[in-house]
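Biologist: I am new to reading protein models. Could you show me how to look at a helix, a pocket and a pair of cysteines?

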Amino acid sequence: MITDSFDIQGKPIVNLSDFYGEQQFKVEVCLITYSKEIYDGILRENKCEKIGEIKASNGAFPIYKFIYNGKAVAFYLSAIGSTLASQYCMICNWITGATKFVMFGSAGSLDSERTFNKFIIPTHSYRDEGMSYHYAPPSDYIKVKNANKLAEVFNKLALPFIEGKVWTTDAVLRETNTQYNKRKKEGCIAVDMELTGVQAVCDFHGFEIFNFLVTGDVLSEETYNVDGLKEANHNIDKFHVALNIIEELDL
């Protein structure tokens with residue numbers, strides 16, 4: 001069973017060095033975005049230098065860096081979904097040396113009254129995906145370790161936010177009303193597709209991950225509303241919030 005997948009004793013057969021050679025050390029901090037529009041906006045707003053590529057049979061995905069307040073900050077456009085997002089994070093570490101990641105994306109709201117016009121800082125995430133079970137012992141939820149630090153930053157910046165549990169799933173088309181009711185009853189306020197895997201990978205390798213979300217689409221037991229999805233996905237304000245996080249936490 002997938003809950004038996006965590007193997008702390010065994011040695012990996014395949015390693016990143018087999019594909020990328022020796023590990024490189026170019027930056028400490030990296031931004032992870034899932035929006036092509038935000039990614040293009042970062043390239044337009046900053047003087048960027050390409051410092052690596054995440055390579056796959058379907059193409060190469062660049063990693064860039066720019067200078068913010070005298071500090072080199074990397075960024076890349078991540079693939080969507082827990083497995084690929086987690087792999088990109090590990091590859092980025094290997095080819096750039098980054099160990100501190102600020103990740104921002106969108107989520108579906110499970111409680112629109114509580115999440116409306118607020119950022120979400122996840123505190124725990126339900127493990128309804130496969131990647132995390134290879135990097136952390138089995139459990140229903142994984143703790144998001146830096147939630148308290150992010151909450152302090154958002155309070156200092158007077159940004160509206162809510163803390164709470166989220167639900168990470170690999171199967172967006174299987175978010176059934178039964179599953180919705182279970183997760184909401186447990187206190188989940190939103191659903192995403194990446195967090196648990198990336199958090200588990202970062203915990204396993206000793207990376208720091210700082211994650212915040214913005215809800216767009218709204219799930220309920222009977223209806224699905226996508227009116228706010230484009231804004232949640234592509235508003236470049238999330239990039240500027242991420243820069244504030246880097247500055248306030250001295251990453």
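Modeller: We will take helices, pockets and cysteines in turn, keeping in mind that this is a predicted model.

Biologist: Let's start with helix H3. How far apart are its end C-alpha atoms, and what span should its 15 residues have?

Modeller: A helix has a regular rise, so its length can be checked: at 1.5 Å a residue, H3, which runs over residues 82–96, should span 21 Å. Its end C-alpha atoms are 21 Å apart, in agreement with that value.

Biologist: Is H3 mostly covered or mostly open?

Modeller: A general idea helps here: an α-helix has 3.6 residues a turn, so residues three or four places apart point the same way. In this model H3 is mostly covered, with eleven of its 15 residues buried. Among them are Ser82, Ala85, Cys89, Met90 and Asn93. Look also just past the end of H3, where Gly97 has a positive phi of about 85°.

Biologist: Now the pockets. What is the volume of the largest pocket, and which residues lie nearest its centre?

Modeller: The largest pocket has a volume of about 980 Å³. Its lining is made of 31 residues, and Pro12, Val14, Leu16, Met90 and Tyr135 lie nearest the centre. Helix H1 (17–20), strand E2 (49–56), H3 and helix H7 (195–205) each give two or more residues to this lining. H3 has the largest share, with seven residues. So Met90 is a residue to find on screen: it is one of the buried residues of H3 and also lies among those nearest the centre of the largest pocket.

Biologist: What classes of residue line each of the two pockets?

Modeller: For the largest pocket, the lining divides into 19 nonpolar, nine polar and three charged residues. The second largest pocket holds about 480 Å³ of space. It is lined by 20 residues, with Phe116, Asn117, Lys118, Val214 and Thr215 closest to its centre. Strand E10 (208–219) gives the most to that lining, four residues. By class, the second lining has six nonpolar, nine polar and five charged residues.

Biologist: Last, the cysteines. Why is there no bond between Cys89 and Cys202?

Modeller: A disulfide is a covalent bond between the sulfur atoms of two cysteines. To count here, two sulfur atoms must lie within 2.5 Å. The sulfur of Cys89 is 3.9 Å from that of Cys202, its closest cysteine sulfur, which is too far for a bond. The count for this model is zero disulfides. Cys89 counts as buried because its relative accessibility is 0%, and Cys202 counts as buried at 0% too.

Note on methods
Residues numbered from 1 in each chain as written. Predicted model: local features only at pLDDT ≥ 70, side-chain atom pairs only at ≥ 80, totals over all residues. Heavy atoms only, no water. Expected span 1.5 Å × (residues − 1). Buried < 20%, exposed > 50% of the residue type's maximum accessible area, 1.4 Å probe, protein only. 1 Å grid on protein atoms, 1.4 Å probe; cavity = no way out; pocket = protein on both sides within 12 Å on 5 of 7 lines; lining within 4 Å. Points joined across faces, edges and corners; volume = space filled by probe spheres on them. Nonpolar A, V, L, I, M, F, W, Y, C, P; charged D, E, K, R; others polar.
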